[in-house]
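Hi,

Here is the structure I promised to pass on. Have a look at it first, and then read on for what turned up when I went through it.

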Amino acid sequence: MAAVPKVKPNPEVVLSKATLNAAMQLGLNNAELAKVLGISEPSISRIASGSRHIDPHSREGQTALILVRIFRALDLLVGGDSSARNAWMTSHNKVIASVPKAAIQTVPGLVHTIDYLDGMKGAA
């Protein structure tokens, strides 16, 4: 039996798919995701079609990695419950001082949200 060569996944493709999935699970539309990543809405469409990818080493890539971390942390905290995740994303949060879905559309809000969720994971 011949050995099947291992194909190393392309980090840009993996991050692009993970970002689109996280955005969908967090209830972000293309315009909101574009604002989070600091790119145009047509760029989001190209990422979704597979004709463009997110470089993990770029500024948008670093932002995308934080967005994926937010999804993973929140998903862990709500036990995978999509309605609880949606409620959290769309309700005012006193600590974040905003609705998380709106807060993450700025870099300071994105960072503050992941810091808050990381703290919650530690407290859980």
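Let me start with Leu-37, whose contacts beyond four places in sequence are Thr-19, Ile-44, Ile-54, Arg-59, Glu-60, Thr-63 and Ala-64. Please keep in mind as you read that this is a predicted model. Leu-37 is also among the residues with the most contacts inside the largest nonpolar core, together with Leu-26, Leu-67, Ile-70 and Ile-104. That core has 30 residues. At least two of its residues come from each of H1 (11-25), H2 (30-37), H3 (41-49), H4, H5 and H7 (107-123). H4 supplies the largest share, eight residues. As a general point, nonpolar side chains in soluble globular proteins tend to be buried together.

Now the fold as a whole. The protein chain has seven helices and zero strands, so read from the N terminus the elements simply go α-α-α-α-α-α-α. Its C-alpha atoms fill a box of roughly 55 × 35 × 25 Å along the principal axes. Of the 124 residues in the chain, 37% are buried. Among contacts with a separation of 6 or more, 54% are between residues 24 or more positions apart.

Two helix pairs that involve H2 may interest you.

The first is H2 with H3. Their axes are 8 Å apart and the packing angle is about 105°, which means that H2 is roughly perpendicular to H3. On the H2 side the contact is made by Asn-30, Ala-31, Leu-33, Ala-34 and Leu-37, and on the H3 side by Glu-41, Ile-44 and Ser-45. Sorted by class, this contact has five nonpolar, two polar and one charged residues.

The second is H2 with H4, where the axes cross at roughly 115° and come within 9 Å. Here Leu-33, Val-36 and Leu-37 of H2 meet Arg-59, Glu-60, Thr-63, Ala-64 and Leu-67 of H4. This contact divides into five nonpolar, one polar and two charged residues. Leu-33 and Leu-37 of H2 thus appear in the contact with H3 and again in the contact with H4.

On to the charged pairs: the structure holds four salt bridges, and here are some of them.

- Lys-101 pairs with Glu-32, with the closest N and O atoms 3.7 Å apart. This salt bridge links distant parts of the chain, since Lys-101 is in helix H6 (residues 100-103) and Glu-32 is in helix H2, 69 residues apart. Glu-32 counts as buried because its relative accessibility is 18%, under the 20% cut-off.
- Glu-60 and Arg-52 meet through their side chains at 2.9 Å, N to O. Glu-60 is buried, at 13% relative accessibility, whereas Arg-52 is partly exposed, at 22%. Glu-60 has come up already, as one of the residues that Leu-37 touches.
- Asp-75 and Arg-85 form a salt bridge whose closest N and O atoms are 2.4 Å apart. Asp-75 sits in helix H4 and Arg-85 in helix H5, 10 residues apart, and the pair links distant parts of the chain. Asp-75 is partly exposed, with a relative accessible area of 22%.

Arg-85 deserves a closer look. Is it buried or exposed? At 3% relative accessibility, Arg-85 counts as buried. Arg-85 belongs to helix H5 (residues 82-90). Beyond its neighbours within four places in sequence, Arg-85 is in contact with Gln-25, Leu-26, Phe-71, Leu-74, Asp-75, Val-78 and Gly-80. One of these, Leu-26, is also among the residues with the most contacts inside the largest nonpolar core.

Last, a word on Gln-62, which lies in helix H4 (residues 59-77). Gln-62 counts as partly exposed because its relative accessibility is 41%. Once neighbours within four places in sequence are left aside, Gln-62 is in contact with Pro-56 and His-57. Gln-62 and Val-36 are 26 residues apart in sequence, and their C-alpha atoms are 11 Å apart in space.

Happy browsing, and best wishes!

Methods:
Residues are numbered from 1 along each chain as its sequence is written. This is a predicted model: local features need pLDDT of at least 70, side-chain atom pairs count only at pLDDT 80 or more; totals for chains, interfaces and linings use all residues. Side-chain values use heavy atoms; hydrogens and water are left out. Helices (H or I, at least four residues) and strands (E, at least two) are DSSP runs, numbered from the N terminus. Buried means under 20% relative accessible area, exposed over 50%, partly exposed in between (1.4 Å probe, protein chains only). Contact means heavy atoms within 4.5 Å. A nonpolar core is a set of buried Ala, Val, Leu, Ile, Met, Phe, Trp, Tyr and Cys residues joined through side-chain atoms within 4.5 Å. Axes are lines fitted to C-alpha atoms, for helices over the stretch in contact, and angles run from 0 to 180 degrees between N-to-C directions. Angles under 35 degrees count as roughly parallel, over 145 as roughly antiparallel, 65 to 115 as roughly perpendicular and the rest as oblique. Ala, Val, Leu, Ile, Met, Phe, Trp, Tyr, Cys and Pro count as nonpolar, Asp, Glu, Lys and Arg as charged, and the others, Gly among them, as polar.
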